[in-house]
Amino acid sequence: MDQAVKPAPIEVGAQRRSRTPLIEVDGLNLWYDEKQALIDVAFDLYRNEILAFIGPSGCGKTTALKCLNRMHDDVRGVRIEGRILMEGDDIHDPDVDPPLHRRRFGWVAQKPNPFPSSIYDNVAYGARLHGLVDGPDQTDELVERCLRQVRLWDEVKDDLHRKQGADLSGGQQQRLCIARALSTRPEVLLMDEPTGSIDPITAAAVEDLLVEFKEQCAIVLITHSMMEARRIADRVAFFDFGRLVEIGPTDEIFMRPRSPRCAAFIKGRFG
């Protein structure tokens, strides 16, 4: 692709601009050594919304997601240009402490990755690390609250200290990882195909949870399921060849896509 051509993403539903974004991404470019993975990516993220990233494998979705909480900082050979603002502040400003910035985010991967510790300690770890709880009573309360939020409390309450996270079923492990992400009270929840490796019944339960969670934080979700994006996302961003090609309200993107590549992807013609 000719990198000299820098088209802006097609944006529909521009009336959203009257709202103040939580995060603003502008002119984001990223290279892995000599390979450019992101090309002039630009989008806003708003509070209390689910923004779904869709597009074919290898198109830059996960790379863009990891830029938001600076997960590329320690990756050798990565070079980033452009600007990412969070509440108006440049996240790469020298005065920004990366660990404190990352504390504003929760992360959930495609495959459940519980820590090699008890169910209780999996949930309590982040809150303890960041000093969000003071003593066992507050910690007990936080663990119970987070496990109740993901509908896991009744299933594990008798085994909190006896079982490790890895002892749970796949679906339970993923819900545990979501509870762990919520324990630090994130402003943004970043999710890389969170239902991609769990059974359909649990996936449907996770989708319901995400719709509830957007009342307390913004959510950026990568999904390869067009049905999932259509069910739960407020807006959709279509990536292709490292570019953000089109972004807008979910119904607009699915019913009236403006770019031929987006229309073809949604119809399953490639991907």
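In which strand does Ile-222 lie? In this predicted model, Ile-222 belongs to strand β9, which spans residues 218–222. The relative accessible area of Ile-222 is 0%, so the residue is buried. Setting aside residues up to four places away in sequence, the residues that Ile-222 touches are Phe-53, Lys-61, Thr-62, Leu-65, Met-191, Asp-192, Glu-193 and Pro-194. A separation along the chain can also be set beside one in space: Ile-222 and Pro-21 are 201 residues apart in sequence, and their C-alpha atoms lie 20 Å from each other.

From this residue the view may be widened to the whole protein. Its secondary structure consists of ten helices and eleven strands. A compact globule of 271 residues would have a radius of gyration near 18 Å, and the value for the protein is 19 Å, which agrees with that expectation. Along the principal axes, the C-alpha atoms fill a box of roughly 60 × 45 × 35 Å. Of the 271 residues, 52% are buried. Among contacts with a separation of 6 or more, 70% are made by residues 24 or more positions apart.

The surface and the charges complete this overall description. The protein exposes about 13000 Å², and carbon and sulfur atoms supply 47% of that area. It carries 36 positive and 43 negative charges, and the mean positions of the two sets are 4 Å apart.

Strand β5 offers another case of contacts across the sequence. Gly-82 is found in this strand, which covers residues 78–86. With neighbours within four places in sequence left aside, Gly-82 is in contact with Asp-26, Gly-27 and Leu-28. Strand β2 covers residues 23–32. Gly-82 can also be placed relative to Val-41: the two are 41 residues apart along the chain, and their C-alpha atoms are separated by 8.7 Å.

Two loops call for attention on account of their backbone geometry. In the loop between β2 and β3 (35–45) lies Asp-33, which has a positive phi of about 55° although it is not a glycine. The relative accessibility of Asp-33 is 55%, and the residue therefore counts as exposed, the threshold being over 50%. Arg-70 lies in the loop between α1 (61–68) and β5. Arg-70 likewise is not a glycine and has a positive phi, of about 60°. Because its relative accessibility is 11%, where buried means under 20%, Arg-70 counts as buried.

Helix α3 comprises residues 119–129, and its buried residues are Ile-119, Tyr-120, Asn-122, Val-123, Ala-124, Gly-126 and Ala-127. What covers them? The cover includes the helices α4 (136–149), α5 (153–156) and α6 (170–182). Just after α3, the backbone at Gly-131 takes a positive phi of about 70°.

The same helix leads to the aromatic residues, for which the count comes to five pairs. In one of these, the ring centres of Phe-115 and Tyr-125 are 5.2 Å apart and the ring planes stand at 75°, so the pair is edge-to-face. Phe-115 is in the loop between β7 (105–108) and α3, while Tyr-125 is in helix α3, ten residues away. Phe-115 is partly exposed, at a relative accessible area of 29%. Tyr-125 is also partly exposed, with a value of 43%. Elsewhere, Phe-43, Phe-53 and Phe-239 form one aromatic cluster. Phe-53 has already appeared among the residues touched by Ile-222.

The account closes with helix α10, made up of residues 260–266, in which Ala-264 lies. Is Ala-264 buried or exposed? Its relative accessibility is 14%, and Ala-264 therefore counts as buried. Not counting residues up to four places away in sequence, Ala-264 touches Arg-269 and Phe-270.

Key. Residues numbered from 1 in each chain as written. Predicted model: local features only at pLDDT ≥ 70, side-chain atom pairs only at ≥ 80, totals over all residues. Heavy atoms only, no water. Helix = DSSP H or I, 4+ residues; strand = E, 2+ residues; numbered from the N terminus. Rg over C-alpha atoms; globule rule 2.2 N^0.38 Å. Buried < 20%, exposed > 50% of the residue type's maximum accessible area, 1.4 Å probe, protein only. Contact = heavy atoms within 4.5 Å. Areas by Shrake-Rupley, 256 points an atom, 1.4 Å probe, with all protein chains shown as cover. Lys, Arg positive; Asp, Glu negative; His and termini not counted. Charge placed at Lys NZ, Arg CZ, Asp CG, Glu CD. Phe/Tyr/Trp six-rings, centres within 6.5 Å; stacked < 30°, edge-to-face > 60°.
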